[in-house]
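Q: I'd like a close look at one part of this model, and then how its surroundings fit together. Keep it informal, but give me the cut-offs as you go.

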Amino acid sequence: MKRVLVATGGGDCPGLNAVIRGIVKRASQESEWEVIGSIESFNGILREPTEIVVLDNKAVEGIHYQGGTVLGTTNKGGPFAWPIKSNDGTWIAVDRSDEMIRKLQYLAVDAVINIGGDGSQLISQKLYEKGLNIIGVPKTIDNDLSATDFTFGFQTAVQIATEAVDKLVTTAASHNRTFILEVMGRDAGWIALNAAIAGGADVCIIPEIPYDIHKVIKKIESRYHKGRGFCNIVIAEGAKPIDGETVSSVVDEVGYAHRKLGGVAEQLKSELKDAGLEQDTRVTVLGHLQRGGIPIAYDRVLATQFGVKAFEMVLDKEYGKMVAYRHPNIISVPLIEVINQPNFVDVESDLVKTAKGVGICFGDKSD
Ligand code: F6P
């Protein structure tokens, strides 16, 4: 019997379960293969006792429409930076990758499929360089990986953000208010841009186009006549003003050091007030609602394609590679070529032109 181990790492994302099910369903057609899962990314292998589960057809029955991941996930620690408390009480990160590879050999694991974002695929590449037979599957609601046309989970996040815009439009119109909706996406404006177009927002502020507060005010004012009217703004969490910085805080937890984004909508509200805007302005931060719940059909299909392809890459021994979608095909690309290759909104793209074409203001010089 041959064994493939599946792990889900990083933040959760709608469609993770559909990937797992795709792997298991495809593997079940090969009599000599069985699938096991590691709980909470590679923690399940690194912990004592080991936490792994058998993934057969019964285990994945009906999970394709469930949000989250049945395996659990974490964006803390990992085999190369496992946090431990040292004798003086401080936390340090230790490299346990060799030990983990030995444990995988002991568990008779022939191949690993690591489903995760940029950070997880960096781990995949480093494990591959150490000789592990590993394949990556990209996931993120942010759609910020250049190797693939789309990541699964992104369209679901756009749908949720669009529904939020739809709801805010009716309350804004009823009260003559200006609403600022803050959405996720890290340094990419994909969720904001798509939700702004789909929801018919008046202003869309994305990291790729630093905003001029006076242009934003001009647009808001144009939406009111004799005190009546309303305005809807969608802002990406990574947005920044011209000559300004993103709103972020530094998290320096051992094994979880990163730049945490959030708060730009409140900042914009203060700037608008300071610059003289008199309209009643409210803020909604959508947050993790964008990551929870059931994946829409598009993401279930893409995730299933990724899962089936990942297992077929195991059969073909295409290790050190990642699954990717390049319309209309699902392909494999070397991990080394795709990590740290972000995908940002092209400010000259047709999508931005479309948004401008329906009158959406970006707060840039052309507005
Ligand atoms: O990368 C996905 C994402 O949801 C980003 O859009 C967001 O900035 C970040 O993760 C939030 O991460 P966490 O849940 O760890 O705070």
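Which residues of helix 6 are buried?

A: The buried ones in helix 6 are W190, I191, A192, L193, A195, A196 and G199. A word on the ground rules: this is a predicted model, with residues numbered from 1 along each chain as its sequence is written. Local features need pLDDT of at least 70 and side-chain atom pairs pLDDT 80 or more, totals for chains, interfaces and linings use all residues, and side-chain values use heavy atoms, without hydrogens or water.

Back to the helix. Helix 6 covers residues 190-199, and seven of its ten residues are buried, so the rest of the structure largely encloses this helix. Helices here are DSSP runs of H or I with at least four residues, strands are E runs of at least two, and both are numbered from the N terminus. Buried means under 20% relative accessible area, exposed means over 50%, and partly exposed is in between (1.4 Å probe, protein chains only).

What do those buried residues pack against? Two of the partners are helices, namely helix 5 and helix 11 (350-357). The others are strand 8 (178-183), strand 9 (203-205) and strand 12 (231-236). Just after helix 6 comes G200, with a positive phi near 70°.

Take helix 11 next, since it is one of those packing partners. K356 sits in helix 11 and is partly exposed, because its relative accessible area is 32%. Its C-alpha is 9.8 Å from that of V203, even though the two residues are 153 apart in sequence. Leaving out residues up to four places away in sequence, K356 touches F362, D364 and S366, where contact means heavy atoms within 4.5 Å. With D364 there is a side-chain to side-chain polar contact at 3.2 Å. A polar contact is a pair of N or O atoms within 3.5 Å; within protein, one must be able to donate a hydrogen and the other to accept it, and residues adjacent in sequence count only if both atoms are side-chain atoms.

Helix 5, another packing partner of helix 6, spans residues 154-175 and holds T156. T156 counts as buried because its relative accessibility is 1%. Beyond its neighbours within four places in sequence, T156 is in contact with P14, I294, P295, I296 and D299.

To place that in the wider picture, bring in the domains. Domain 1 is made of 2-152 + 295-327, and domain 2 of 155-291 + 346-357; these bounds come from an automatic or database domain assignment. Their C-alpha centres are 33 Å apart. On the contact side, 21 residues of domain 1 meet 16 residues of domain 2. The two domains bury about 1,500 Å² between them, with 59% of that on carbon and sulfur atoms. That figure is the accessible area (1.4 Å probe) that the two parts lose on being put together, summed over both.

Now the polar side of that interface. The rule finds two salt bridges between domain 1 and domain 2, a salt bridge being a side-chain nitrogen of Lys or Arg within 4 Å of a carboxyl oxygen of Asp or Glu. R291 and D12 also pair up this way through their side chains, at 3.0 Å from N to O. Six residue pairs are in polar contact across the interface of domain 1 and domain 2, both residues at pLDDT 80 or more. On the side of domain 1 that touches domain 2, strand 5 (91-94) and helix 9 (297-315) each supply at least two residues. Strand 5 gives the largest share of that side, three residues.

Finally, some backbone geometry to check. Most residues other than glycine have a negative phi, and most peptide bonds are trans. K317, in the loop between helix 9 and strand 16, has a positive phi of about 55° without being a glycine. K317 is exposed, given its relative accessible area of 57%. K226 also has a positive phi, about 50°, and is not a glycine either. K226 lies in the loop between strand 10 (224-225) and strand 11 (228-229), and counts as exposed because its relative accessibility is 76%.

Then there are the cis peptide bonds. One runs from E48 to P49, with omega near -5°, and P49 is in the loop between helix 2 (43-46) and strand 3 (52-55). Another joins H327 and P328, where omega is about 0°. P328 falls in the loop between strand 16 (321-326) and strand 17 (329-334).
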